[in-house]
Amino acid sequence: MTEASPMAGRDALEKPVKGLDVARIREDFPILAREVYGKPLVYLDNAATSQKPRQVIEALVRYYEHYNANIHRAIHCLGEEATAAYEEARAKVARFINAPSPECIVFTRNTTEAINLVTYTWGRANVGPDSEVLLTHLEHHSNIIPWQRLTAEKGASLRYIGLTEQQTLDLDGLENLMDARTRILGVTHVSNALGTINPVQKLAAEAHRNGAIVLVDGAQSVPHMPVDVQAMDCDFFAFSGHKMLGPTGVGVLYARPELLEEMEPFLGGGEMIKRVTLEDATWNDVPWKFEAGTPNIADVIGLGAAIDYLNDLGMENVRVHEMEITEYALRRIRQMEEVIIYGPPDSADRGGVISFNYPDLHPHDVGTVLDRHGVAIRAGHHCNQPLMRCLGVSGTARASFYVYNTLEEVDVLVDALGQARAFFSNDTN
Amino acid sequence: MTPTKEEEYSQQEAQLDDLYREVILDHYRNPRYRGSLPAPTVSREGYNPLCGDEVTLDVTAKDGVVVEVAFRGSGCSISQSSASMMTEAIMGKTVQQVESLFKGFTAMMQGSEDIDLESLGDLEALAGVRKFPVRVKCATLAWHTLQEALQALEEGKG
C-alpha cells in the first residue's frame with residue numbers, strides 16, 4: 001500500500017456522497033453494526049443479495065403479529081387486512097416500474113421462477129421447430145438454462161449476441177441480428193458479472209420490428225436505478241425482491257396484459273381457478289391465474305416495505321450514489337497496477353458492480369483474504385460460466401455496491417486487496 | 001482488554017497462515033508432477049462447480065504400484081497445491097498404500113479425531129483448510145478424482 005491511500009480515504013469521508021445521507025441510512029440496517037473476525041463488516045456482495053432495513057424486518061413482524069391470515073378467501077377481518085396489504089404491495093411494485101396496472105404484476109419466488117414461468121407457458125405455446133430464441137453472452141444461468149430446455153424440447157434454435165472488446169454487447173449490424181424466425185429476445189438489463197448496462201430500449205424496438213418479443217432480466221437494474229417498463233417497451237420483465245432490500249422468496253414477473261391473458265397457467269391448484277368440476281376448470285383472472293396456492297404473503301408485504309424505503313430515498317439518488325462509489329472504486333483499483341478490471345471503463349455504462357482479478361491469484365484466494373479483513377465480496381463464475389469462458393478466466397472477484405456503502409468502505413476494500421497481494425508475495429521469499 | 005491494531009492484524013495473519021501454510025504455497029508456485037502422461041493406465045477429470053476448479057489426473061500403475069503420475073488443471077491455490085501434494089504422496093506407492101492415504105486424508109478433512117496425522121506426512125499441512133468450510137472441497141477435489149482413477153484401475157478399465 002502507498003501512503004497516499006489513507007489520505008484518499010479521509011478526503012473521501014469529508015466529501016459527503018451526493019444523493020444519499022448514507023450515515024442515516026446505515027442506522028436503518030442492523031446487520032451493518034456487526035463484526036466479522038473482529039473487523040467491521042464491509043458488505044460488498046450486494047449483487048448476490050442486499051441487506052434489509054429495519055423497516056422491512058418490522059413489516060414482516062407486524063404481519064405475523066397482527067394480521068397473519070390467508071388471502072382472497074377469508075371472510076374475516078384478518079383475512080381482509082392481509083389481502084389488502086398483499087394487493088397494495090402489488091400496486092406498489094407496478095408503480096415502482098411504471099407498469100400500466102397492478103394486474104400486469106405476477107408474484108413468483110424469484111427472477112429464476114419468473115423466467116421459467118415464461119418459458120413454460122408463453123414459450124411452449126409460441127416456440128416451435130422453425131423458431132429461434134436469441135440471448136446474449138451476458139446472461140445469468142437463470143436466463144440461459146430455461147431457454148436451453150425449451151429449445152431442446154421444441155427443436156428450436158438458440159443463438160447468442162456476442163461481446164465487443166469493451167465487454168458490451170456487439171450490436172454491429174443490429175438490423176441483421178434478428179429475422180422473422182426470431183420469436184423472443186432474452187436480455188439482461190444490467191450484467192450481474194460485469195455491471196454492463198445494456199441498451200434494452202433499442203433492442204426491444206429492433207425485436208418488435210422483426211415481430212419478436214422481449215424478456216428483460218431486471219434483477220440487477222430495478223434495485224439500483226429508475227426503471228420504466230413502458231418506456232423500455234419490453235414485453236416481459238423479471239426481478240427479485242431480495243436484491244432490493246426486500247426479503248428472500250419473492251420475485252416479480254411483469255408482462256404486457258394481453259400476453260398474460262393469452263398465456264396458459266404455469267402451476268395448477270388453488271387460487272388460480274374460477275370454477276372446478278371433476279373433469280375440468282376455468283382459470284382465474286390475471287394475474288391470480290399465475291399464483292397457484294397460498295403465496296408468500298409476508299414477504300410480498302415485506303417487498304412493499306422495501307419499495308417504500310427506496311421511494312423515500314429516490315431511485316435517481318440511489319443511481320447517483322452508486323455511480324459515485326463505482327467511479328471512486330474504479331479509480332482506486334486502477335491505481336493498483338496489477339489488477340485487471342473487467343467491464344465497461346465508464347461508470348455511466350455500468351451498474352454498481354466491479355469485477356476484477358489479480359492475474360496470478362485465484363479469486364477464491366483473494367476472497368478468503370478479504371473475508372478475514374471483514375470484506376465480503378463474491379468470487380467465482382457468478383452463475384455465468386459461458387461468459388467466464390469467453391473472458392478466458394475461471395472466475396473473477398466481484399465487489400458490488402448499494403445505498404449503504406461508503407467511499408471509506410472502498411478504501412477498506414483496496415487496503416485489503418493490497419494485503420492479499422502482500423500475503424501471497426511475502427511468502428515467495 | 002481489546003487487542004491493539006497490531007495484535008488484531010497478527011490474529012488475521014495467523015488464521016490465514018493456517019490455511020495457506022508455506023508448504024501449500026510452495027506446491028502452488030512449484031507444482032510437482034504437473035503435465036500429462038503419453039499413455040497412462042487411467043486418466044480422470046474432476047470438477048468443482050462452486051469454484052470452477054479443474055483437475056485432470058493421469059496414473060500409470062505396474063504390478064500394483066504407481067510408477068508414473070501427472071496432473072493438470074486450473075483453480076485456486078488450495079485445489080492446485082493439494083493436487084500437487086497428492087501426486088508427490090502417491091508416486092511409487094502401492095495401490096493399497098494409496099488407498100490408505102486416501103482414507104486418512106478424507107478422514108482428516110472431515111475433521112475426524114481418530115487419525116494418525118504423522119502418517120500423512122506433508123499432507124497434514126492441509127488440515128488448516130478445515131477452518132474454512134467452503135474451501136474443503138477445493139482440497140479434496142484431486143483426491144476424489146484419484147478415487148475414481150483407483151476404481152477404474154481395480155475394474156481394469158483404462
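What is the volume of the largest cavity? In this predicted model, the largest cavity has a volume of about 50 Å³, and the views below take this space together with a pocket, a helix and chain B.

**View 1. The largest cavity and its lining.** The structure holds 1 cavity of 30 Å³ or more. Its lining is formed by A:N46, A:A47, A:V190, A:Q220, A:H224, A:E322, A:G351, A:G352, A:V353, A:S400 and A:F401. Sorted by character, the residues that line the largest cavity comprise 4 nonpolar, 6 polar and 1 charged.

**View 2. The second largest pocket, with residues of chains A and B at its centre.** The second largest pocket encloses about 570 Å³ of space. There are 23 residues in its lining, and those closest to the centre of the pocket are A:H364, A:G367, A:D371, A:I377 and B:V134. In chain A, helix 12 (363-372), strand 15 (375-376) and strand 16 (378-380) each contribute at least two residues to the lining, and helix 12 of chain A gives the most, with 5 residues. The lining of the second largest pocket divides into 11 nonpolar, 6 polar and 6 charged residues.

**View 3. Helix 4 of chain A and what covers it.** Helix 4 of chain A spans residues 77-96, and its 20 residues reach 28 Å from the first C-alpha to the last, close to the 28 Å expected at 1.5 Å a residue. The buried residues of this helix are A:G79, A:A82, A:T83, A:Y86, A:A89, A:R90, A:A91, A:K92, A:V93, A:A94 and A:F96. Among the elements of chain A that cover these buried residues are helix 3 (54-67), helix 10 (297-313) and helix 11 (315-334), together with strand 4 (105-108), strand 9 (236-240) and strand 10 (251-255). Helix 4 of chain A is followed by A:N98, whose phi is positive, near 55°.

**View 4. Chain B, its elements and its contacts.** The secondary structure of chain B comes to 5 helices and 3 strands, which run α-α-β-β-β-α-α-α from the N terminus on. Of the 158 residues of chain B, 46% count as buried. Among the contacts in chain B with a separation of 6 or more, 60% are accounted for by residues 24 or more positions apart. The pLDDT of chain B averages 88, and 90% of the residues score at least 70, while the model scores ipTM 0.80 and pTM 0.89. Where pLDDT is low, the predicted coordinates should not be read in detail.

Technical notes. Residues are numbered from 1 along each chain as its sequence is written. Chains are lettered from A and ligands numbered from 1 in the order in which they are written. This is a predicted model: local features need pLDDT of at least 70, side-chain atom pairs count only at pLDDT 80 or more; totals for chains, interfaces and linings use all residues. Side-chain values use heavy atoms; hydrogens and water are left out. On a 1 Å grid over the protein atoms alone, a cavity is a set of points where a 1.4 Å probe fits but cannot get out, and a pocket is an open set with protein on both sides within 12 Å along at least five of seven lines; lining residues have an atom within 4 Å of a point. Grid points are joined across faces, edges and corners, and a volume is the space filled by probe spheres set on the points. Helices (H or I, at least four residues) and strands (E, at least two) are DSSP runs, numbered from the N terminus. Ala, Val, Leu, Ile, Met, Phe, Trp, Tyr, Cys and Pro count as nonpolar, Asp, Glu, Lys and Arg as charged, and the others, Gly among them, as polar. The expected span of a helix is 1.5 Å times one less than its number of residues. Buried means under 20% relative accessible area, exposed over 50%, partly exposed in between (1.4 Å probe, protein chains only). Contact means heavy atoms within 4.5 Å. pLDDT is the predictor's confidence in each residue, from 0 to 100.
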